[in-house]
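The following exercises concern side-chain environments and ring geometry. Please work through each task before reading its solution.

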Amino acid sequence: MAESARLRAPFSELGLVAEAGSTVTFPALMGRQRAMWFLMSSEWMSATECKAAGLVLDIYPDDGFLDNVHQQAAKLAALPRESLAEAKRLITGPGREHLKVVIETENATIRRLQGRPANREAVTAFREKRKPDFSTL
């Protein structure tokens, strides 16, 4: 991750829930409490916070970021593809079916929440360039 980059999971502020399996992967990477805060608070996380949480492996200076990433990619590219693919399959395979179910459930929940009062307020606030006000919901 570039040192000046930040990550945010804005779902709650949009009146929605997390997606892409993050309700499973984030707790696995950063622990349940930190994941709950990150996914529910809509707060920004710095590169340093992301690394401490286990979301990224390394932080590189903005200048030379791509060079560092290419160096890391070259290390993997020089190794046998078959053994890398098998290692990835073994690491990710056991949770793959569960992750598919979680993603389907997250997507169904997002569809259910879309257009509900909190989501409408979030969209309206975005269009009006203001912070949403959920106090009356």
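**Exercise 1: the two sides of a helix**

On one side of H2, Gln 33, Trp 37 and Met 40 are exposed, where exposed means over 50% relative accessible area, buried under 20% and partly exposed in between (1.4 Å probe, protein chains only). The model is predicted: local features need pLDDT of at least 70, side-chain atom pairs count only at pLDDT 80 or more, and totals for chains, interfaces and linings use all residues. Residues are numbered from 1 along each chain as its sequence is written, and side-chain values use heavy atoms, without hydrogens and water.

Task: determine which residues in H2 are buried.

Solution. Step 1: in H2, the buried residues are Ala 35, Phe 38 and Leu 39. Step 2: these residues cover an arc of only 90° around the axis, so they are on the same side of H2; the arc is that of the directions from the helix axis to the C-beta atoms.

**Exercise 2: a ring pair**

Task: classify the pair formed by the rings of Phe 26 and Phe 38.

Solution. Step 1: the ring centres of Phe 26 and Phe 38 are 5.7 Å apart, with planes at 15°. Step 2: rings of Phe, Tyr and Trp (its six-membered ring) pair if their centres lie within 6.5 Å, and planes under 30 degrees apart count as stacked, over 60 as edge-to-face and the rest as tilted. Step 3: the Phe 26 and Phe 38 pair is therefore stacked. Step 4: Phe 26 is buried at 17% relative accessible area, and Phe 38 is buried at 5% relative accessibility.

Terms used. Helices (H or I, at least four residues) and strands (E, at least two) are DSSP runs, numbered from the N terminus.
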